[in-house]
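User: I would like a close look at a single part of this protein. Please keep the wording plain, since I am in my first year.

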Amino acid sequence: MKKTYNIEVDCANCANLMEDAAKKTEGVVDCTVNFMTLKMTVEFADDADTKKIMKAVLKNCKKVEDDCEIEL
């Protein structure tokens, strides 16, 4: 299953760091961050708890870019 989220990030490099951090999160199959549209598209594993995973994604993203936001 894929879902798209609005994000707030300051620069393209930070968006790439967020994408890498999200991809390393358990339950995430793939992730793409588009800095121009400020969107994050996340593909989840089958039968995944998307809310729980996205909280972990946000936590991991804040480790690389502490002022980023993901509208959950």
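Not counting residues up to four places away in sequence, which residues does Val29 touch? Please also describe the surroundings of that part.

Analyst: The model is a predicted one. Not counting residues up to four places away in sequence, Val29 touches Glu43, Phe44 and Ala45. Val29 belongs to strand β2, which covers residues 28–34. Val29 counts as exposed because its relative accessibility is 52%, and the cut-off for exposed is over 50%. Lys3 is 26 residues away from Val29 along the chain, and the C-alpha atoms of the two are separated by 12 Å.

The next part to look at is a helix and its link to the strand. Helix α1 is made of residues 12–23, and Glu19 is found in it. Leaving aside neighbours within four places in sequence, Glu19 is in contact with Cys31, Thr32 and Val33. With Val33 there is a polar link: the side chain of Glu19 reaches the backbone nitrogen of Val33 at 2.8 Å. Glu19 counts as buried because its relative accessibility is 15%, and buried means under 20%.

Glu19 has a charged partner as well. Side chains of opposite charge can pair when their charged atoms come close. The side chains of Glu19 and Lys23 meet in a salt bridge, with 3.4 Å from N to O. Both residues lie in helix α1, four residues apart, which is about one turn of the helix. Unlike buried Glu19, Lys23 counts as partly exposed, at 38% relative accessibility.

The structure holds two salt bridges. One of them joins Glu69 and Lys62, whose closest N and O atoms are 2.9 Å apart. Glu69 counts as partly exposed, with a relative accessibility of 34%. Lys62 also counts as partly exposed, with a relative accessibility of 28%.

Cys31, one of the residues in contact with Glu19, leads to the matter of disulfides. A disulfide is a covalent bond between the sulfur atoms of two cysteines. This structure holds zero disulfides. For Cys31, the closest cysteine sulfur is in Cys61, at 7.1 Å, so the two are too far apart for a bond; a disulfide needs sulfur atoms within 2.5 Å. Cys31 is buried, as its relative accessible area is 1%. Another cysteine, Cys14, counts as buried too, at 9% relative accessibility.

Last comes the protein as a whole. It has two helices and four strands, and from the N terminus on the elements run β-α-β-β-α-β. The radius of gyration is 11 Å, close to the 11 Å that the globule rule gives for 72 residues, so the protein is as compact as a globular protein of that length. Along its principal axes, the C-alpha trace spans about 35 × 20 × 20 Å. Of the 72 residues, 38% count as buried; Glu19, Cys31 and Cys14 are among the buried ones. The accessible surface comes to about 4500 Å², and 47% of that belongs to carbon and sulfur atoms. Among contacts between residues at least 6 apart in sequence, 55% join residues at least 24 apart.

Note on methods. Residues numbered from 1 in each chain as written. Predicted model: local features only at pLDDT ≥ 70, side-chain atom pairs only at ≥ 80, totals over all residues. Heavy atoms only, no water. Buried < 20%, exposed > 50% of the residue type's maximum accessible area, 1.4 Å probe, protein only. Contact = heavy atoms within 4.5 Å. Polar contact = N/O pair within 3.5 Å; in protein donor to acceptor, adjacent residues only side chain to side chain. Salt bridge = Lys/Arg side-chain N within 4 Å of Asp/Glu carboxyl O. Rg over C-alpha atoms; globule rule 2.2 N^0.38 Å. Areas by Shrake-Rupley, 256 points an atom, 1.4 Å probe, with all protein chains shown as cover.
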